[in-house]
Amino acid sequence: MTEVQSASGENRQEAQKESRQRKPRRRAPQKTEEKAGVQEKVKAGRTAAQEEKKSPVRGRREPAQNAALKNTQKPARTAGSRQPRQQNGRRGKAAPAKPPVRVYFLGGLNEIGKNFTLYECGEDMIIVDCGMAFPDGDMLGVDLVLPDFTFVERNADRIRGIVITHGHEDHIGALPYLLKRVNLPVYSTRLTIGLIEGKLREHGLLGKARLNVAKPGDTVRLGCFDVEFIHVNHSIPDAVAFALHCPAGILIHTGDFKIDCTPAQGEMIDLGRLAQLGKEGVLALLPDSTNAERPGFTPTEQKVDNSFENLFRRAENSRLIIATFASNIGRVQQIINCAVRYGRKVALSGRSMLNVMGIAMELGYLEVPDGVLIDIDMISRYPKEQIVLVTTGSQGEPMSALARMAFADHRKVEVGPGDFIIISANPIPGNEKTVGNVVDELMKRGCQVVYESMYEVHVSGHARQDELKIMQGIVRPKYFIPIHGEQKMLQKHAALARSMGIPDSQIYIGDIGDVLEMSESGMKQVGTVPAGRVLVDGLGVGDVGSVVLRDRKHLGEDGLIVVVCTISRETGHVVAGPDVVSRGFVYVRESEPLLDDARALVNRILNECADNGVREWGTLKTKAKDALSRLLYDRTRRSPMILPIIMEV
């Protein structure tokens, strides 16, 4: 036993002696090449991390890289390493619960267009899309319908940015009006940013805006949100869905999409990445519901190619005029390709068509061979059979180029026999009548018009039921929240989710203004916020409300009666008038007896008030208005707006 201890002591002394010989003195440190290399690597790694933290846009990090990163950052625990001190007896502390995420629905529910959604987690908020809607038939004189920005303005200091799915008006149209109030950074793909620049230039905001270009596969850090851009198919290039990575979990906001294996431009939707996220675990899916009522799959754009080929052959001796959406760049590319094959020149008509195609050509999204595109002023120099005119007006808009051609109001194009007109779009619900009127007028002028769906000159950019099922099946969300559609579309989409096994308790159909809170433990509505619509009429934003619209409707339906009279300041009796002016109510020359009775009635009412000592302006006007209203309704069964004007001398 003693020999073993002595031997070990000698070994220990020798080891300590060798260690002292190898160890350099502290007073004169010397860097070895190995240490210098390690320090350089550490410095380079720190610099790279700082650069990544500084830039909000970065490329996608694959799951394998994430695992590798965790392994390098977290040292493995060995048997001899000291364990952290346990609390609460022998049990370790439970993992903290994930914070909830809130969704504020500020537009795009129970309506078509005006898509506007705000997400909140912790102290950070982000906005997804900022669209406008076109006015309904009862919004007389209104140009645009915007979301209500009240809640956004109240929380502007917490909003880290705006991300946009694609460049359609119902997703970017309200952006200039929002940026006038709060200057927030905007992130989107290249083409979408180009279209936004054009809108901001018109509003004089381009110099102040903070626009950032990202591409599919990039991730943008906005506060605690990592917004991942995922490529999808739609009727405009550069459309994306968003995977919102936040402490609460992953939320997928699809935007407008369809699954097209042979798209007109670009690649098919990135189903692989969506499925990968589904395996990682998705807290909620917020998908497009526009075509949720339609069964099957949305046809591919290749069908439109074949239809154009057939129609170009059919119209070999006619001038071709094709109406489509100005934003449908892929459709215009198909038309140009067909025109090249058949030796035709292409001209563009319509302000929005010229603007969008100009941006698309500048950014390389529209390829036009030299000499194919000509100015609309030059179409008279070519035979009709060598011209293709691409125009706006596929929805029958009164001021569009096609509508002006139909009603002989276009300054540069006159249509008639020898014109073959294709409407390459389906009418938006509510526009069927206006489209029908334009088609009728074109046919009256001798044009041949193709507008029926049987010719397959248009396919939708929105997913139908089977595609929506595929999206839900690969994402496998815990919560399902249909968006982008009217109530019937949202309900149909929810029914699809139920058929695939999602229980009712995990499906939510919201309304504008609702606030939804989600976490791993549950989902619930936690209140409402100011939301609705703001009407734009000319340069006025928000100065036309429900009262003004009601008055406009009243005037449009029943007309206006203005009663003007003068009373004495001393006695209150009528000294001049009353004069009755009719606008939109009756034709004065044919209704003299009625207007004479109206004058006599107002004169008698005012004189009776004077005799009874009634001199208050509001009372005088109310009595005259009520009496005249009863007389006119009894005689005509109409209720015009009555405006009494009383002056005192």
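How many of the eight residues of strand β25 (residues 560-567) are buried? Select that strand first: seven of its eight residues are buried, which leaves β25 mostly covered. Here buried means under 20% relative accessible area, exposed means over 50%, and partly exposed lies in between, with a 1.4 Å probe and protein chains only. The model is predicted, and local features therein need pLDDT of at least 70, side-chain atom pairs count only at pLDDT 80 or more, and totals for chains, interfaces and linings use all residues. Residues are numbered from 1 along each chain as its sequence is written, and side-chain values use heavy atoms, with hydrogens and water left out.

**β25 and its partners**

Strands (E, at least two residues) and helices (H or I, at least four) are DSSP runs numbered from the N terminus, and two strands pair if DSSP finds at least two bridges between them. Keep β25 selected and add strand β26 (residues 574-583), which runs antiparallel to β25 and is joined to it by seven bridges. Within this pairing, Val 580 of β26 is the bridge partner of Val 563. The hairpin of β25 and β26 has six residues between the strands, and Gly 572 in that hairpin takes a positive phi near 85°.

Next add strand β27 (residues 641-648), which pairs with β25 in the parallel sense over eight bridges. Val 562 has Leu 643 of β27 as its bridge partner. Leu 643 also belongs, with Ile 645 and Met 647, to a nonpolar patch on the surface, and the three together have about 250 Å² of accessible area. Such patches are made of residues with over 30% relative accessible area and no salt bridge, with nonpolar side chains (Val, Leu, Ile, Met, Phe, Trp, Tyr) joined within 5 Å and like charges within 9 Å; the areas come from the Shrake-Rupley method with a 1.4 Å probe, and for residues only the protein chains shown count as cover. Ile 645, placed in strand β27, counts as partly exposed at 34% relative accessibility.

**The six-stranded sheet**

Now select the open sheet of six strands in the order β16-β15-β17-β14-β18-β19, where the pairing is parallel. β16 (373-374) and β19 (448-450) stand at the edges with a single partner strand each, so one side of each is left without a neighbour in the sheet. For a pairing inside the sheet, display strand β14 (residues 319-323) with strand β17 (residues 387-391), which are paired in the parallel sense over four bridges, and look at Ile 322, which stands opposite Val 390 in β17.

From there go to Arg 344, in the loop between α10 (329-341) and β15 (345-349). Which side chain of opposite charge is nearest to Arg 344? It is Glu 385, 7.3 Å away, and the buried Arg 344 has no salt bridge. In this count Lys and Arg are positive and Asp and Glu negative, while His and the chain ends are not counted, and a salt bridge is a side-chain nitrogen of Lys or Arg within 4 Å of a carboxyl oxygen of Asp or Glu. The side chain of Arg 344 does, however, reach the backbone oxygen of Ser 318 at 3.0 Å.

**Salt bridges**

A search of the whole structure finds 27 salt bridges. Select Lys 114 and Glu 111, whose side chains meet in one of them at 3.1 Å, N to O; both residues are buried. Then select Glu 123 and Arg 158, whose salt bridge is 3.9 Å, N to O. Glu 123 lies in the loop between β3 (116-121) and β4 (124-128) and Arg 158 in the loop between α4 (150-154) and β6 (159-163), so the pair ties together parts that are 35 residues apart in sequence. Glu 123 is exposed, with a relative accessible area of 56%, whereas Arg 158 counts as buried at 18% relative accessibility.

Continue to Arg 341 and Glu 309, which form a salt bridge with their closest N and O atoms 2.5 Å apart. Since Arg 341 lies in helix α10 and Glu 309 in helix α9 (residues 302-314), this pair ties together parts that are 32 residues apart in sequence. Finally, select Lys 258, Asp 260, Glu 301 and Arg 331, which are joined into one network by salt bridges that share partners.

How values were computed: Polar contact = N/O pair within 3.5 Å; in protein donor to acceptor, adjacent residues only side chain to side chain.
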